[in-house]
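Work through the two exercises below with the sequence and the model side by side. Each task sentence is followed by a solution in steps.

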Amino acid sequence: MRAVALAFVVALMSSGCGSGALSAIRGKAAQDMACPEKDLAVNPVHDYAGAPNESGAYYAEGCQKLRRYEVGCNAFGYCPDPHGVDIQELILRQAAFDLKCEQEAISTQRLNRDTFGARGCDQQASYILLCSRRSCRVVQNTQSQ
């Protein structure tokens, strides 16, 4: 009986005790963004009733980069394979097309949780980020001005 209990504990621990979503995303974002973990801010996309260390969507921001991550965690805080999307690249690519402007001439700004502004070539536009699971797209929210 004691051996069975010990085997259960060992299996449980090796199956994925982890430190949660924030830690998993911070490590993955540091790699993806080539940015030291200490320079990254990781925050949930939505206000969670519980601790913001659970499965869901998170923004990682730092080193002048912005990515959105989706992560699923088990009951023990193990959150394997957070999947990230380069939001800034999506906005720049769409804004370059809409504003008829080179990406290098465009600056972006976060307006609120999922709304972003882009300015370049004497024009500006705002964009809404739409995500489902592991993919995101940006949609222009205003006419180019």
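**Exercise 1. Establish in which order the 4 strands of the open sheet are arranged, and how they pair.**

The strands of the open sheet follow the order S1-S2-S3-S4 with antiparallel pairing, where strands are DSSP E runs of at least two residues, helices H or I runs of at least four, both numbered from the N terminus, and pairing requires at least two DSSP bridges. Strands S1 (41-44) and S4 (83-86) are the edges, each having a single partner strand, so one side of each lacks a neighbour in the sheet. On average, neighbouring strands are turned by 25 degrees against each other, direction ignored.

The model is predicted: local features need pLDDT of at least 70 and side-chain atom pairs pLDDT 80 or more, while totals for chains, interfaces and linings use all residues. Residues are numbered from 1 along each chain as its sequence is written, and side-chain values use heavy atoms, leaving out hydrogens and water.

**Exercise 2. Determine whether Arg-68 is buried or exposed, and which residue its side chain joins in a polar contact.**

Begin with the location: Arg-68 belongs to strand S3, which spans residues 65-71 and is joined by 7 bridges to the antiparallel strand S2 (residues 56-62). Next, its relative accessible area of 7% makes Arg-68 buried (under 20%; exposed is over 50%, partly exposed in between, with a 1.4 Å probe and protein chains only). Finally, the side chains of Arg-68 and Glu-70 are joined by a polar contact of 3.3 Å, a term for N or O atoms within 3.5 Å, of which, within protein, one must be able to donate a hydrogen and the other to accept it, residues adjacent in sequence counting only if both atoms are side-chain atoms.

Key:
Axes fitted to C-alpha atoms, helices over the stretch in contact; angles between N-to-C directions.
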